[in-house]
Amino acid sequence: KVAIKSIERELICPACKELFTHPLILPCQHNVCHKCVKEILFAYEDAFADGGSESSNQSSPQIKISASSMDRIDRINKAGIKHNFLTPRSTLFPCPGCQRCIDLGERGINGLFRNFTLETIVERYRQAARAAIAIMCDFCKPPPQESTKSCMDCSASYCNECFKVHHPWGTVKAQHEYVGPTTNFRPKILMCPEHEMERVNMYCEICRRLVCHLCKLGGGHANHRVTTMNTAYKTLKEKLSKDIEYVISNESQVKANITQLDLLLKETERNCERAKQEACQSFEKLYHILEEKKSAALSAIETSKIIRLEKLQKQVEEYQGLLENTGLVGYAQEVLKETDPSCFVQTAKQLHVRIRRATESLSFRPAAETSFEDFVVDSAKQEDILGDLSFYSNGLEIPEINEEQSRMYNKALISWECPGKTDSADIYVLEYHKLNREEDSVTWQKAEVCGKSKVLSDLEDNSSYAFRVRGCKGSVCSPWSREVILHTPPAPVFSFLFDDKCGYNNDHLQLNARRTSVESRAGFPLLLGSERLQIGCYTTLDYIIGDTGIAKGKHFWAFHVEAYSYLVKVGVVPSNKIQKLFHNTYHDVTSPRYEQDSGHDSGSEEAFFDSSQLCTLVTLGMRKFFIPAAPAAPKDPASRILPLPSRLGICLDCDVGRVGFYDAGRMRCLYECELECSDLMYPAFALMGSAAVCLEEPIAAYYGE
């Protein structure tokens, strides 16, 4: 048997960190005090009302909502999900035990069972902790006597005399159940929280909770697998007994494991000291190399200084000699006074040689350079190498950035993976910088990530960035991955949904519930209409536009065209031509105007041509991108057909009056043209036959999680 005092850790509420008081069993099978459940739910409701702000939890300092729960609050608020106004109103409960959001169901707290078994164990623990403190009689006159019995039916404690008075022989109360003195009173029969007049008599194996026969007949457990209470009691008790026996029987093994762990602790300490010594030796070697290089560099500089000083000093002495030639100049002036030619020539010949030497020395040129630019140490590469200096381990794989899974849209989502599909690193370091030809030095921005993806929101539009990543485990780091260059959109991202009201033809087009994708299917109406045709007909496009227009500025949006699409046109349309666009394209082949012998001049070709000029569109289909025929476009039709990118983008600049069509994966412009933007401009899409278009979803801050 295990002493009752040794199980205190199991009797502590994970929310208030105190002994359980009226514990409730959550759907995740964790227990929380009844008052703590209320406090957490009210704090959670305040967080909903405040949009998940940090200040919403200041009123309950003991109750902390996890970061993942706060992110879910933000997502639910953004999605506009409404909750039942129960008391407390929210049915979402952040469990403090497993840190997950638990749905309490429609009844909220009222649908939770009270854990009477845990209450009994807590009461035993309290009694063991306060063995010297007696439970007093609830009915004695002051001073009260120590109680000897507690009535489970009356929920009160009695001394011997009071018990005889209140439970006389021959009455109904004499049949009440009594136990030893206790403060823990629980009902004899558990009632169903959903059907308060029914007792629980079955156990739902799917939901792992007690239910009554009404819950099984027409409630939420109608199709669940249930067992009788006695069967569940015997099964669970047998399993629990076997598990306890297994744990107790392996006590010697547990002690051996503890001994092994103690040895591992000591070995870890020894290995740590050894690793420190080896690291110090490695750095000492680097210090010695640097000291040798430093001594050699200083010695070379000192030697060069001595040589240069000697040359300059010698030159100083030469110029000092020029100052001594002032007597020579005076002597020469006296010689010039000689009038006898023969005597002058005899003296002036030697004097002229001396004067010419003195004249040549007057052209000043330093004998040595004063600059030591040749002795500047270039240590930029060595600084980079030392900056990346870390412990190297063959166990860490070099991660690789996955360009297909990485996206650049309203934010940047960078994803990576290890070649061996293993996750041996504890943390990853992602570095990135903007490519700028004008800057000589590169400053990397760093982000530490626990997973294998990261969302960045501080990137500039219409820019190129280089990314690299490496894994770290403790102080051991892998080498950097190959640098990957990605481009941001040319303009801020414009968010919209497909308009399901203006001109939307639900007979031919099908929208999803979120209005982010549209699909056109060539069904039976087209076949039945074509049954009467024998010489050909025109099938018109089904148009759909965005629900938001653009008045000014530069904007970008992206989308995906399914590979099986036969024909899709994408572009923009001004607001003053929307009605005309849908009016001219509303006909289909089932109309009598398309019958070959109806006698009507349908004018379908002119109508189709006019409608095609109402907006600026490019044609896609059969996995191809068709550059529109224009004066600047290539004349060869084959050169105007490009492979269809996996993601397409449109950049509209209303201020300049230009629209560009981009490969959204590489952010490369495929086609650009001018257009008039005098009215509101709407994104426009047209589909024919089997085709589908899906709008690019914005990258959310929690995407990587």
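This passage walks through a predicted model, starting with its confidence and moving on to two sheets, a few ring contacts and one partly exposed glutamine.

Confidence comes first. The protein chain has an average pLDDT of 78, and 79% of the residues reach at least 70. Two of the stretches with weak scores deserve a flag. Residues 51–64 have a pLDDT below 50, and the model gives this stretch 19 contacts beyond near neighbours in sequence. Residues 75–90 also have a pLDDT below 50, with 28 contacts counted in the same manner. Where pLDDT is low, the predicted coordinates are not something to read in detail.

Now to the sheets. One open sheet is built from 7 strands, with antiparallel pairing and the order β21-β22-β33-β24-β29-β30-β31. Its edges are taken by β21 (509–511) and β31 (668–674); each has a single partner strand, so one side of each lacks a neighbour in the sheet. On average, and with direction ignored, neighbouring strands here are turned by 20° against each other.

Within that order, β29 sits between β24 and β30. Strand β29 covers residues 648–653, and 6 of its 6 residues are buried, so the strand is largely enclosed by the rest of the structure. In a regular strand, side chains alternate between the two faces of the sheet. That pattern can be followed along β29: Leu648, Ile650 and Leu652 point one way, while Gly649, Cys651 and Asp653 point the other way. Both sets are buried, Asp653 included.

The pairing on either side of β29 can be traced residue by residue. Strand β24 (residues 554–561) is joined to β29 by 6 bridges, and the two run antiparallel; across this pairing, Ala558 stands opposite Gly649. Towards β30 (residues 658–663) there are again antiparallel neighbours, with 6 bridges between β29 and β30. Here Cys651 faces Gly660, and Leu652 has Val659 as its bridge partner. The connection is a hairpin: 4 residues lie between β29 and β30, and Gly657 in the turn has a positive phi of about 85°.

Another open sheet has 3 strands, in the order β7-β6-β8 and with antiparallel pairing. Its edge strands are β7 (156–158) and β8 (178–179), each of which pairs on one side only. Strand β6 (residues 149–151) runs antiparallel to β7, and 3 bridges join the two. In this pairing Ser150 stands opposite Ser157.

Next, the rings. Searching the whole structure turns up 14 aromatic pairs. Phe139, Tyr158 and Phe163 are linked by ring pairs into a cluster. Phe163 also has a charged residue over its face, namely Lys149, at 5.4 Å from the ring centre. A further charge-over-ring arrangement involves Arg308, whose charged end sits over the ring of Phe372 at 4.4 Å from its centre.

Last comes Gln445, which is found in strand β16 (residues 445–449). With a relative accessible area of 37%, Gln445 counts as partly exposed, because that class covers the range between the 20% limit for buried and the 50% limit for exposed. Tyr432 is 13 residues away from Gln445 in sequence, yet their C-alpha atoms are 5.4 Å apart in space. Tyr432 is also one of the contacts of Gln445 once neighbours within four places in sequence are set aside, together with Leu430, Glu431 and Asp458.

Conventions: Residues are numbered from 1 along each chain as its sequence is written. This is a predicted model: local features need pLDDT of at least 70, side-chain atom pairs count only at pLDDT 80 or more; totals for chains, interfaces and linings use all residues. Side-chain values use heavy atoms; hydrogens and water are left out. Buried means under 20% relative accessible area, exposed over 50%, partly exposed in between (1.4 Å probe, protein chains only). Two strands pair if DSSP finds at least two bridges between them. Rings of Phe, Tyr and Trp (its six-membered ring) pair if their centres lie within 6.5 Å; planes under 30 degrees apart count as stacked, over 60 as edge-to-face and the rest as tilted. A charge sits over a ring if NZ of Lys or CZ of Arg is within 6 Å of the ring centre and within 35 degrees of the ring normal. Axes are lines fitted to C-alpha atoms, for helices over the stretch in contact, and angles run from 0 to 180 degrees between N-to-C directions. pLDDT is the predictor's confidence in each residue, from 0 to 100. Contact means heavy atoms within 4.5 Å.
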